[in-house]
Amino acid sequence: MPGLKELQNAFKRNVVNGDEEFGKYINSTKAVSSDVRLAIYGNAYFSRLEEALESDYEILKQLLGEDVFNEVCIAYTHKYPSHYYSLRWFGQDFPAFLGYQPGNGEHHWPAEMAQLEWSFVGAFDAADVMAATEADAAIIAPEAWAELKIKFHPSVRTMVVWWNTLARWRAAKNTETVPEPVRLLKPAQCLLWRHELMTQYRSMEADEAIALQAALAGANFSELCGALAEETQDQEMVPMKAAGFLKTWLSAGMIVELLA
Amino acid sequence: MQTGIKTDKPFLGCGLGLRPEYYETIVESRPAVDWFEIISENYMVDGGKPLYFLDRVRENYPIVMHGVSLSIGGTDPLDQAYLKRLKQLTDRVEPQWVSDHMCWTGQDGHNLHDLMPLPFNQEAIDHVVARVQQVQDYLGRQILLENASSYVSYVQSEMTEWEFHTEIMQRADCLMLFDINNVYVSARNHGFDPLDYIKGIPAERVWQFHLAGHSDYGDYVIDTHDHPVVKPVWELYAEALKHFGPVSAMIERDDCFPPFEELMAELGELRNIARDVLGAEKLEVLSSCPD
């Protein structure tokens, strides 16, 4: 007779791969065979994990359709079995599984939609930190601005979209007609964060994205202006532009601390 | 009718599971519910809505914590990262108690996210007892273990499920979350008398009841928590109260969520049965409960 460890291993193989060998350790009754009994666990395994993915990737499911989404979920479940104590993390490899390639955009739209939805998941339950306000900026001494560093709310994240993913997500969410997937003429920048309890998103112009990426990477205000200057024709406008972005981020609740 | 059973276990009254579908209703209307149970893993996050509403609800209600990932019967080492997070959550919530299930949930780090049954034999008892002691030492409190529903029984089992639970509780000095619906489900699936189960468990170890709905397929029953509690489970609840005395009871609903008023109506039924069995006096602590 197998011990506890071997028994559990055989049961797991039955649940995940349908390994029939395990059936000999299970009692059958007249009314219900061991196969039917074991199938309850096998079915529950895949349906529970698919439910978790449905909850994280609601719009992707809607756009792919139930049958395709179901097939993809089963394939994902086999390739990326859960190693997490909470289902919260099970879907984290789904964008990569679908071929998401943030650097060059050589992915199809489902991968990008998955990445967008996963970004929302991350923003939804990121750590709570009190947002800074414009009053915090007002008390910074003029000579301290050059070295000023910006600490963002943990929910802030950015992504590049190569498809009309944002428009499609918004239409689906608002139960409007969803446009067909098309590649954009040039990639667009998307910003996501949580303000108080509400998850927010919007697209960004290229110069704001450059400034934000620099600040997120730890650049001080002077370095941020330097990054912005490379993309700005009118150099005199750079400090004003940078200050404008800072004000926008502060009023949106994206910043938690200004480190002078 | 009075049972006359003396017990010093805490009695919270009649509760409900705290689910996101009802967050706003609960915080805004402060319904007459004596206590709430949370699924611990749903609050092992860094921030946002789940923890916000948890804190708001905690301001007004006692809370108990119920986990699904401890894998007390698993053969992987206990997950220290999980235990650490669980302890952090207990520090935040200060729950009346902490529970999980008598089951295993995965192996070799692969989590099946299900409550997998254990064989009822001496090897499993020795294994679980040692792990319960480790968990209780780490958390600094006794834990409650719930009887899970099961659809299979092993040829390796050497005893009944209630004998298995009892020996573990006595040796590990832990407590029980007695799920009445699960006893009903398992009794139907395996053909035992649910009253034998109730009679086989020492009353002083049972600190909490779960009641829930299930899906009935005729030859077998699946524990789905997506229907109202059925009559035979209400009847079993009354029998359990006679045997165990006053035990904090709650209704679990995890799918096909009805309007909150329907859950409150079920809660009223829960309380009526408790009043009938235990006597109105015992239920006086539940002055905030609806009639």
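Val128(B) touches Ile72(B), Gly73(B), Met102(B), Leu118(B) and Ile168(B), leaving aside residues up to four places away in sequence. Keep in mind that this is a predicted model.

As for where Val128(B) sits, its place is in helix H4 of chain B, which covers residues 122-139. The relative accessibility of Val128(B) is 0%, so this residue counts as buried, the cut-off being under 20%. Lys282(B) is a handy reference point: Val128(B) and Lys282(B) lie 154 residues apart in sequence, and their C-alpha atoms are 35 Å apart in space.

Now for chain B as a whole. Helix H4 belongs to a chain with nine helices and twelve strands. The radius of gyration of chain B is 18 Å, close to the 19 Å that the globule rule gives for 291 residues, so chain B is as compact as a globular protein of that length. Val128(B) has plenty of company in being buried, as 62% of the 291 residues of chain B count that way too. Contacts tell a story about sequence distance: among those in chain B with a separation of 6 or more, 79% come from residues 24 or more positions apart.

Here are some overall values for chain B:

| Property of chain B | Value |
|---|---|
| Box filled by the C-alpha atoms, along the principal axes | roughly 50 × 45 × 40 Å |
| Accessible surface | about 10700 Å² |
| Share of that surface from carbon and sulfur atoms | 47% |
| Distance between mean positions of positive and negative charges | 6 Å |

On the charge side, chain B carries 23 positive and 47 negative charges.

Notes
Residues numbered from 1 in each chain as written. Chains lettered and ligands numbered in written order. Predicted model: local features only at pLDDT ≥ 70, side-chain atom pairs only at ≥ 80, totals over all residues. Heavy atoms only, no water. Helix = DSSP H or I, 4+ residues; strand = E, 2+ residues; numbered from the N terminus. Rg over C-alpha atoms; globule rule 2.2 N^0.38 Å. Buried < 20%, exposed > 50% of the residue type's maximum accessible area, 1.4 Å probe, protein only. Contact = heavy atoms within 4.5 Å. Areas by Shrake-Rupley, 256 points an atom, 1.4 Å probe, with all protein chains shown as cover. Lys, Arg positive; Asp, Glu negative; His and termini not counted. Charge placed at Lys NZ, Arg CZ, Asp CG, Glu CD.
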